[in-house]
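Biologist: I should like to go through the aromatic contacts of this protein. Please show me the structure before we begin.

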Amino acid sequence: MNKIVKFGGSSLADATQFKKVANIIKSDKSRRFVVPSAPGKRFKDDIKVTDLLYQAYNAKDNKTFEETFKLIKARYQDIIDELKLNCSLEKEFEIIKKAFQDKIGIDYAASRGEYLNGIVLANYLGFEFIDASEVIFIDEHGNYDQEMTDPVLSKRLSNVKNAVIPGFYGSANDGSKTIKTFSRGGSDVTGSIVARNGHVDLYENWTDVSGFLIADPRIVKDPDTIGTITYKELRELSYMGASVLHENSIFPIRNEGIPIQIKNTNRPEDEGTLIVETTCHKPDHVITGIAGKKGFATIMIEKDMMNSEIGFGRKVLQVLEDNDLSFEHTPSGIDTMTIVVETESFIDKEQEILAGIHRAVQPDSIELESDLALIAIVGRGMKDGRGTAAKIFTALAQENINIKMIDQGSSELNIIVGVKNIHFKNAIRAIYKMFITEEK
């Protein structure tokens with residue numbers, strides 16, 4: 001088996017964390033490729049190296065620049081000294097300093113944290129260092145250019161036994177060699193790209209948590225960890241605001257059938273969460289996870305015989321499109337059509353949209369309701385489970401929470417309920433209690 005391991009910023013914040021990372025890598029010879037992030041916070045009020053790099057690059061005067069640059073150098077030197085490495089970054093810092101002064105680009109500045117950490121980690125592990133700018137190419141929108149990257153990176157990885165490839169950045173796909181960073185997903189995207197082109201069997205993503213949690217720990221105390229989750233479930237939860245991997249970071253390997261395992265650098269013995277395309281593994285609970293967001297509004301359009309009016313829905317949605325507004329859901333009845341939108345995006349164009357709908361479909365009435373929160377209850381176990389919606393209704397009714405909206409996807413993978421913003425946290429707690437606590 002071949003593996004790639006990606007470590008987040010908290011996993012590489014200082015020399016102590018470097019030692020943990022090295023022990024993890026060396027404990028399994030199949031961990032061939034390593035993708036590091038820049039050093040994160042060492043303690044609560046610390047500053048991430050990437051933030052220091054931004055501060056230095058945007059410094060208004062030379063004194064501020066010099067002081068900030070000195071802090072950045074000290075962070076890396078502390079790691080080098082404590083690990084007793086025969087490694088110097090002086091030449092690298094000279095190049096970076098001149099590039100900053102020449103204002104070479106903010107992407108360049110942001111990427112140097114990963115670049116320097118990659119050099120230090122490669123030296124510590126005795127692995128080959130591969131500069132991501134030589135093998136990963138990014139388009140003008142900050143997305144991975146598969147056609148340019150794959151042949152170059154695959155060839156390079158096939159010629160090394162072990163390598164460290166910094167995350168978060170690559171170079172422009174226009175041949176200019178300009179450093180570019182990914183628009184979203186950061187080092188997680190790099191990990192997926194290396195997994196794809198290194199033809200590995202498993203992508204281990206090491207962070208400071210022991211996998212994905214069923215619910216937000218800021219709302220539910222000590223929620224259970226999700227053992228196995230499918231890509232589809234992950235997408236549903238991340239769309240509704242759960243702090244999980246960004247979709248961009250999964251795209252490069254989703255069609256390769258490579259699973260991702262989320263592990264905890266500080267608790268390597270924990271099983272973590274396994275992300276897979278599909279599985280026969282029976283879920284621990286009927287639901288896999290709960291996630292939600294506040295700040296939505298509903299536009300309820302009522303008109304007799306709406307269902308027999310051809311093009312009604314298209315005309316309504318065309319009004320939203322003409323006003324550059326996207327919608328979240330459209331639960332409907334025989335004579336009603338409801339559109340769920342983000343309040344912040346909708347409110348400035350509210351009257352223009354209402355007038356547009358009146359002109360387009362001549363409704364009998366339009367009602368608006370704001371201060372709505374959406375909660376997604378997601379799980380592959382819901383397909384075979386009975387009475388899931390009834391249990392949700394019961395859980396919320398027991399807490400005197402009125403459901404303002406309910407919408408179930410055709411895949412039977414999720415149910416979305418709408419409640420008032422003020423009931424958001426209590427609703428999530430009630431659903432967790434019904435499906436997880438009381439099932440134990």
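Modeller: A charge sits over a ring if NZ of Lys or CZ of Arg is within 6 Å of the ring centre and within 35 degrees of the ring normal. This is a predicted model, in which local features need pLDDT of at least 70, side-chain atom pairs count only at pLDDT 80 or more, and totals for chains, interfaces and linings use all residues. Residues are numbered from 1 along each chain as its sequence is written, and side-chain values use heavy atoms, with hydrogens and water left out.

Biologist: Over the face of which residue does Arg-112 lie?

Modeller: Lys-26 has its charged end over the ring of Tyr-124, 5.8 Å from the centre. For Arg-112, the distance to the ring centre is 5.2 Å, and the residue beneath is Tyr-169.

Biologist: Are the rings of Phe-7 and Trp-206 stacked or edge-to-face?

Modeller: Rings of Phe, Tyr and Trp (its six-membered ring) pair if their centres lie within 6.5 Å; planes under 30 degrees apart count as stacked, over 60 as edge-to-face and the rest as tilted. The centres of Phe-7 and Trp-206 are 5.9 Å apart and the planes are at 20 degrees, so the pair is stacked.

Biologist: Are Phe-7 and Trp-206 buried or exposed?

Modeller: Buried means under 20% relative accessible area, exposed over 50%, and partly exposed in between (1.4 Å probe, protein chains only). Phe-7 and Trp-206 are both buried.

Biologist: How are the rings of Phe-65 and Phe-100 arranged?

Modeller: Both residues, Phe-65 and Phe-100, are buried. Their ring centres lie 6.5 Å apart with the planes at 55 degrees, so the pair is tilted.
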